[in-house]
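Here's a quick tour of one chain, written for someone who likes to check the coordinates along the way. Have a look at the model first, then read on.

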Amino acid sequence: MVGSDDGFVLEFCSFLIFLLNQTKPKIEVHENPAHKRKNEDGTKVEYRIWNPYRSKIASAILGGVDDIWIKPGARVLYLGAGSGTGTTVSHVLDIVGPTGMVYTVEFSHRSGRDLINMASKRTNIVPIVDDARHPAKYRMLVGMVDVIFSDVAQPDQVFLIFQT
C-alpha cells in the first residue's frame, strides 16, 4: 500500500489501483463506480477503481514510479485533461484534495464541457477550454504550479511543456 496521512491511499490489487476518494464521496465518474468498505477501526472509506490501462499516471505508479509529485495541497496544470473520460482528472483531484488545485486545459469543446460539469461538483478544479499549444491565451487564469502533466497528442509535446 502506498499513500500518506493527508488523505489518499493507493492499494494495489493484481492489475488495478484503488484510490481512496476522500474529497468528495458519492461522486462517480463515468464507468468508475465507488466501492465502500470499513477499515479495521470501523471508519467507512470509499474507493474507486483507477485502471492503469486507461490512465498514464496510474500506469506510471503501477510501473514503479516512486514519486509522481502530485500530493495533497499541490497545484497541478493538466494539459490535455479531457482525453478519454476525465477519470484521471478526478483521481488527481482526489489526491490534491480540497487544499490543492488542478488547472485543466482541453481543446475539445465536448471534453471541456465534461470538465466544466465536473467543476460544478468540485471546487478544486479550474477547467480551461483552449489550445494547450498557446499558453499565452490562458496564462492569466493559471497561477504558479507545482506539477505540469501533459497528455497532449502532439509531436512537439516536449516543446509545449517548456513553453508553458
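What follows goes from the whole chain down to one strand, one pair of rings and one helix.

**The chain as a whole**

Keep in mind that this is a predicted model. The chain carries 4 helices and 9 strands, and they come in the order β-β-β-β-β-α-β-α-β-α-β-β-α along the sequence. Of its 164 residues, 44% count as buried. If you take contacts between residues at least 6 apart in sequence, 60% of them join residues at least 24 apart. As for the outside, the accessible surface is about 9300 Å², with 55% of that belonging to carbon and sulfur atoms.

**Strand 6 and its neighbours**

Strand 6 spans residues 75–79 and is mostly covered, with 4 of its 5 residues buried. Which strands does strand 6 pair with in the parallel sense? One is strand 7, residues 101–106, joined to strand 6 by 5 bridges. Another is strand 9, residues 147–150, which pairs with strand 6 over 4 bridges. Here are the two pairings, each with one bridge to look up:

| Partner of strand 6 | Sense | Bridges | One bridge pair |
|---|---|---|---|
| Strand 7 (residues 101–106) | parallel | 5 bridges | L79 and V105 |
| Strand 9 (residues 147–150) | parallel | 4 bridges | V76 and V147 |

**One aromatic pair**

How many aromatic pairs does a search of the whole structure find? The count is 1 aromatic pair. The partners are Y78 and F149: their ring centres sit 5.0 Å apart and their planes meet at 65 degrees, so the pair counts as edge-to-face. The cut-off behind that label is an angle over 60 degrees. Because Y78 belongs to strand 6 and F149 to strand 9, the pair ties together parts that are 71 residues apart in sequence. Are these two residues buried or exposed? Both Y78 and F149 are buried. So strands 6 and 9 are linked by the ring pair, since Y78 is in one and F149 in the other, as well as by their 4 bridges.

**Helix 2**

Helix 2 covers residues 87–96, and 10 of its 10 residues are buried. Its buried residues include the hydrophobic V89, V92, L93, I95 and V96, but T87, T88, S90, H91 and D94 are on the list too. Right after helix 2 comes G97, with a positive phi near 70 degrees.

Terms used
Residues are numbered from 1 along each chain as its sequence is written. This is a predicted model: local features need pLDDT of at least 70, side-chain atom pairs count only at pLDDT 80 or more; totals for chains, interfaces and linings use all residues. Side-chain values use heavy atoms; hydrogens and water are left out. Buried means under 20% relative accessible area, exposed over 50%, partly exposed in between (1.4 Å probe, protein chains only). Helices (H or I, at least four residues) and strands (E, at least two) are DSSP runs, numbered from the N terminus. Two strands pair if DSSP finds at least two bridges between them. Contact means heavy atoms within 4.5 Å. Accessible areas come from the Shrake-Rupley method with a 1.4 Å probe; for residues, only the protein chains shown count as cover. Rings of Phe, Tyr and Trp (its six-membered ring) pair if their centres lie within 6.5 Å; planes under 30 degrees apart count as stacked, over 60 as edge-to-face and the rest as tilted.
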